[in-house]
Amino acid sequence: MKRKLFTLFMTIIISLSQFAYAAPIYEMTESEKAAGNIEIITKKMLMNAGFVTVNIIKANLSDKDIDLTFLKDENNIKTLYNTKTLTDKMNATAGINGDFYAKSSTSNEASSIGVEIKDGELLSGYALSSTQMGVGARLNDGSFYFDYIDTLTTITAPNGEGDVIKAYNKFDSLSGIVMYDRNWGALSIGSTGNLEEMVVEEGIVTAINHDMGQIEIPENGYVLAYLKDLNSFIPDNFKVGDEVKIDRVINPDIESDIDFALGGGTILVTEGQKAKITHTAGVREPRSAWGVDKEERYAYLVTVDGRSNRSVGVTLNEFSEILIDIGLYNAINLDGGGSSTLVAKKQGEDNTSVINTPSDSHLRGVINGVGITSSHQKGKISQIRLDFDKEKAFVNTSVMLSVTAMDKNYLGVDFDKEKVIFSVPKNAGYIKDFVFYPQKSGEITITAEYMGIISSEKITILDMPHSLELATKEKKMKSGEKYLVTLKGYDKDGYSALIDLNHVGINVSDDILSFDGNTIKATNKGTSVVTFSFGDVKTHMIIRVDDDTTNISLPLDISKTDEQNVSKDVKSTSRNFSVAFFGNTFYNKTMLEKAVMKKLIEKVKESCDMVFFAGKNVNVTTKLIPLYSSDKYSHISHKGTSFFTLNNSSSSIHTPDKNQWKKFMDDIKNTADKNIFIIMPNKYNFSSKTEEELFDKLLSDYALSLGKDVYIFSNGIMESYRKNGKHMFTVDGVGNLNKQNVLSNAMYLKVNSENGKITYSFEEIFQ
């Protein structure tokens with residue numbers, strides 16, 4: 001896995017806008033340079049409606065070697081290509097999908113709804129609803145036009161009668177007259193049944209065809225198609241040999257000034273202000289747009305992901321506000337939904353990659369797009385980039401290193417890798433054949449040097465693991481089949497890293513397998529227990545080959561004990577305290593449940609300062625000891641510890657109460673307490689991965705990175721574990737209790753703080 005090179009900054013907006021669009025409550029931005037010296041920006045933000053991911057390509061047009069282009073195969077204007085293919089076909093560095101389109105009813109072809117002009121040539125006409133569907137254009141003088149163009153094309157017969165040309169080079173219902181020329185292709189759509197075609201060469205009618213099928217469109221003319229039962233203007237007013245007069249009115253009349261243009265939906269931003277929405281497409285959807293800043297120095301290609309738990313999409317009004325916030329001064333909405341796709345060549349790479357997360361399971365074909373080109377030629381090496389194949393690693397394992405050489409414009413350059421010189425701090429480990437073998441834990445700086453050019457990067461090396469985890473504990477295989485083993489280790493703080501099997505002790509109970517690196521191959525029928533050991537810890541899995549049914553038990557894993565798991569009584573003082581944690585207090589409000597609650601209160605009232613209930617169903621009152629539940633937000637500072645209750649009943653902090661995020665953000669940012677306790681009803685498992693990423697970042701920035709300890713408590717089967725520096729606990733309530741097990745299974749979690757040092761134990765309620 002390549003380490004991202006980005007500058008990371010975070011903007012926290014305290015107040016919410018009074019308008020329909022609310023400024024992001026919380027925002028995280030990542031930025032990295034890309035091949036050709038463009039910039040890739042990703043914004044993950046929490047808005048009132050939910051979590052949204054915005055992807056941006058920013059190109060500096062003042063760089064004479066960077067330009068914009070219209071992504072369109074002018075030789076096949078009806079062909080749909082996905083955005084990546086279209087961008088690669090046009091040899092662009094980056095690209096975004098373009099206009100809305102109408103598909104043919106008889107083929108897998110389409111035509112754009114709006115105009116298409118490439119290199120000054122009109123390929124396809126303007127949208128019929130030209131005051132609703134905007135136009136984005138680059139003019140010959142290098143300036144830009146984002147607005148509406150109103151057009152009218154008419155046809156006049158020799159007798160003075162006239163009609164409107166409905167469309168030009170479009171798939172259409174043919175309720176009016178539609179014009180097709182050689183830009184459409186070699187052949188007409190074909191006359192059949194009620195569909196007729198009039199052929200015009202050099203302004204003269206040469207044929208009016210009935211049931212002739214497709215014919216060749218003349219090089220120096222065009223074909224007018226219509227359904228005669230819906231429009232009889234042509235048969236009523238023309239015959240072979242007549243002169244045809246075509247007139248076009250364009251307002252504003254700028255077509256001759258256009259280098260390239262494509263249609264879109266509504267104009268989103270006009271002169272730095274939200275534009276009037278003239279064309280709606282869905283409510284909250286994935287979106288695409290392109291535009292420029294006020295000085296027209298920078299061009300932007302922008303997508304918003306949607307239709308997923310990572311990003312809910314945006315309305316057009318919200319999209320306008322986001323674009324203005326990014327810095328766009330004029331912008332147009334493009335086709336969205338499953339069409340929204342953004343691609344670019346990342347730094348040092350020759351091929352484009354998809355930057356956003358399209359909502360379809362595949363890349364959808366589109367009719368055109370906007371691309372960014374870079375005519376930079378690969379120059380001499382001016383920088384190198386050092387990457388690791390993993391973000392973290394354990395001591396006594398290995399890390400694969402890779403070095404990419406680039407010129408000043410981040411274009412990859414070939415180089416002699418044998419001349420790369422690596423260095424690491426003394427006693428930290430050694431490097432051989434582009435592999436780092438760490439021998440010391442901590443944050444290690446590795447330096448790569450090539451011909452005097454240096455790149456230094458840090459990698460976190462974890463101490464020996466406290467536990468091991470396999471992706472699966474039982475695997476069924478067929479003889480000859482291979483299986484890639486994923487083995488992960490966890491250190492004492494819950495930070496994890498993958499471990500290659502060549503660093504691991506492996507014991508197989510039956511000779512039915514062979515090993516090659518991280519891959520197991522089934523060789524013979526049977527069942528085997530495979531034991532993986534690293535240091536003092538072990539984990540096991542069962543492998544069954546060829547449907548073998550041998551009865552075999554899986555041994556228990558061996559992990560290191562948690563030094564904080566200590567049962568003790570702590571006397572309450574001005575600095576010391578004990579607190580109890582329990583899950584749900586009732587399900588059916590039975591006598592048994594009430595008895596457990598009564599005994600719990602009696603048990604903890606003498607030894608604990610207070611009780612927190614991390615459950616959805618909490619209904620208990622007493623004056624014997626302070627009680628708190630996690631059904632709503634609260635913050636209590638108690639003897640050097642901050643207690644936060646958060647309602648995540650829908651696997652989200654934002655959904656149940658849109659104010660929770662901001663309250664928690666403000667309070668954790670301002671607390672001086674060393675220990676952070678967070679109590680929530682659901683286990684730490686967010687339905688939105690974006691929310692989880694942002695919440696983890698919040699905890700890291702305002703707690704973990706400041707040396708504070710974070711403890712999270714939720715309802716569930718009694719368990720203690722660590723995850724990325726956080727101490728995680730699940731505490732059972734009354735849900736799994738009955739008359740037979742209540743005496744042995746009724747337990748609560750007791751947490752002690754002695755001068756800020758935390759210990760814990762799971763205590764029986766009935767002793």
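These questions and answers walk through a predicted model of one chain.

Reader: How many helices and strands does the secondary structure of the chain come to?
Author: The model is predicted, not experimental. Its C-alpha trace spans about 110 × 65 × 60 Å along the principal axes. The secondary structure comes to 7 helices and 59 strands.

Reader: What share of the contacts with a separation of 6 or more comes from residues 24 or more positions apart?
Author: Start with burial: of the 767 residues, 52% count as buried. Then take the contacts in the chain with a separation of 6 or more. Residues 24 or more positions apart account for 64% of them.

Reader: What share of the exposed area do carbon and sulfur atoms supply?
Author: The chain exposes about 33700 Å². Carbon and sulfur atoms supply part of that area, namely 46%.

Reader: Which residues touch the most other members of the largest nonpolar core?
Author: This core has 30 residues. Several elements each supply at least two of them, including strand S12 (135-139), strand S17 (195-201), strand S19 (221-227) and helix H2 (233-237). The residues that touch the most other members are Ile155, Ile177, Met198, Leu224, Ile234, Phe238 and Val244.

Reader: Which residues does Met198 touch, leaving out those up to four places away in sequence?
Author: Met198 is one of the residues that touch the most other members of the largest core. Residues up to four places away in sequence are not counted here. That leaves Ile155, Val205, Ala207, Ile208, Tyr222, Val223, Leu224, Tyr226, Ile234, Phe238 and Val244.

Reader: How many residues does the other core hold, the one with Leu262 and Trp290 among them?
Author: This core lies apart from the largest one. Ile267 and Ile332 are also among its members. Its residue count is 29.

Reader: What is the geometry of the aromatic pair of Phe144 and Trp290?
Author: The chain has 32 aromatic pairs. Phe144 in strand S13 and Trp290 in strand S24 form one that links distant parts of the chain, 146 residues apart. The centres lie 6.2 Å apart, with 75° between the planes. An angle over 60 degrees counts as edge-to-face, so this pair is edge-to-face.

Reader: Why do both Phe144 and Trp290 count as buried?
Author: The cut-off for buried is under 20% relative accessible area. Phe144 counts as buried because its relative accessibility is 12%. Trp290 counts as buried because its value is 0%.

Reader: Where in the chain do Phe171 and Trp184 lie?
Author: The two rings form an edge-to-face pair, 4.9 Å centre to centre with 70° between the planes. They are 13 residues apart in the chain. Phe171 lies in the loop between S15 and S16, and Trp184 in the loop between S16 and S17.

Reader: Which residue lies over the face of Trp184?
Author: Trp184 is buried, at 4% relative accessible area. Over its face, at 4.6 Å from the ring centre, lies Lys78.

Reader: How far from the ring centre of Phe586 is the charged end of Lys589?
Author: The charged end of Lys589 sits over the ring of Phe586. A charge counts as over a ring when within 6 Å of its centre and within 35 degrees of the normal. Here the distance is 5.2 Å.

Reader: Is Asn37 or Asn427 the one that counts as exposed?
Author: Neither is a glycine, yet Asn37 has a positive phi of about 65° and Asn427 one of about 70°. Asn37, in the loop between strand S2 and strand S3, is partly exposed at 22%. In the loop between strand S34 and strand S35, at 59% relative accessibility, the exposed residue is Asn427.

Reader: Which peptide bond is cis?
Author: Look at Pro252, in the loop between strand S20 and S21. The bond leading to this proline has omega near 0°. The cis bond runs from Asn251 to Pro252.

Reader: What length does helix H6 reach from its first C-alpha to its last?
Author: H6 covers residues 689-702, 14 in number. Its buried residues include Leu694, Phe695 and Tyr702. At 1.5 Å a residue, the expected span is 20 Å. The helix comes close to that, reaching 20 Å.

Conventions. Residues are numbered from 1 along each chain as its sequence is written. This is a predicted model: local features need pLDDT of at least 70, side-chain atom pairs count only at pLDDT 80 or more; totals for chains, interfaces and linings use all residues. Side-chain values use heavy atoms; hydrogens and water are left out. Helices (H or I, at least four residues) and strands (E, at least two) are DSSP runs, numbered from the N terminus. The expected span of a helix is 1.5 Å times one less than its number of residues. Buried means under 20% relative accessible area, exposed over 50%, partly exposed in between (1.4 Å probe, protein chains only). A nonpolar core is a set of buried Ala, Val, Leu, Ile, Met, Phe, Trp, Tyr and Cys residues joined through side-chain atoms within 4.5 Å. Contact means heavy atoms within 4.5 Å. Rings of Phe, Tyr and Trp (its six-membered ring) pair if their centres lie within 6.5 Å; planes under 30 degrees apart count as stacked, over 60 as edge-to-face and the rest as tilted. Accessible areas come from the Shrake-Rupley method with a 1.4 Å probe; for residues, only the protein chains shown count as cover.
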